[in-house]
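Q: Please take a close look at one pair of packed helices, and then set that pair within the rest of the model.

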Amino acid sequence: MTLTTKETIPYLKWVTEVVEERIIEDSIIRKEFGSKDEFIIFSIIMVRVLRFLRTQIENDDKEYNLSFYIKKFYEQQKFEKHTGVTMRGIARESGIPRTTVSRIIDKLIAQKIIRKNINQLIIPTAKARDKLNVYRRYLFTSNKRLYDIFEMLDLKKLYSDEERF
């Protein structure tokens with residue numbers, strides 16, 4: 001069954017908000033990272049290590065100040081042999097040419113946002129958390145806002161059948 005024009009109004013309201021949020025997100029990425037390539041490379045490095053961080057937090061019986069805990073975790077990563085990612089891995093995963101990856105990695109190392117561990121794998125430093133601060137706050141607020149709109153417009157119920165699009 002196809003949608004009528006009036007039935008698409010809630011969806012169009014939501015899509016408009018999503019697009020506006022993505023424009024803001026792109027602006028933040030360019031301001032905080034300089035380019036999308038830098039953001040993608042930085043994100044790949046962060047995600048590889050965040051998996052280990054999450055596991056460590058899940059397995060730790062004690063409670064700590066989050067910011068202190070995370071920064072301490074990043075400092076310890078320079079001694080870990082298997083945490084991190086290679087330049088080749090970043091280039092392969094991102095589709096960004098290795099020469100560009102190398103140039104951006106050198107820039108991030110000079111800014112002390114990332115470094116290489118004892119096995120020469122690329123890892124974030126404690127400064128990485130600070131680098132992501134503005135984006136992390138924006139992402140949480142934006143996604144919460146879009147979810148609230150999605151719920152308020154009852155889009156899940158209205159468009160439960162993918163065929164209607």
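**The H4 and H5 crossing**

A: In this predicted model, the axes (lines fitted to C-alpha atoms over the stretch in contact, with angles from 0 to 180 degrees between N-to-C directions) of helix H4 (residues 87-94) and H5 come within 9 Å and cross at roughly 120°. H4 and H5 are therefore oblique to each other (outside under 35, over 145 and 65 to 115 degrees), and their crossing is right-handed (the near helix is turned clockwise from the far one by less than a right angle). Helices are DSSP runs (H or I) of at least four residues.

Helix H5 (residues 98-110) has the highest mean pLDDT (confidence from 0 to 100) among the elements of the protein chain, 97, whereas helix H8 (residues 155-158) has the lowest, 81. The chain averages 89, with 96% of the residues at 70 or above.

Elsewhere, helices H2 (36-59), H3 (66-76) and H7 (133-152) each supply at least two residues to the lining (an atom within 4 Å of a point) of the largest pocket (an open set on a 1 Å grid where a 1.4 Å probe fits, with protein on both sides within 12 Å along at least five of seven lines). H2 gives the largest share of that lining, seven residues.

Residues are numbered from 1 along each chain. Local features need pLDDT of at least 70, side-chain atom pairs 80 or more, and side-chain values use heavy atoms.

How values were computed: pLDDT = per-residue confidence, 0-100.
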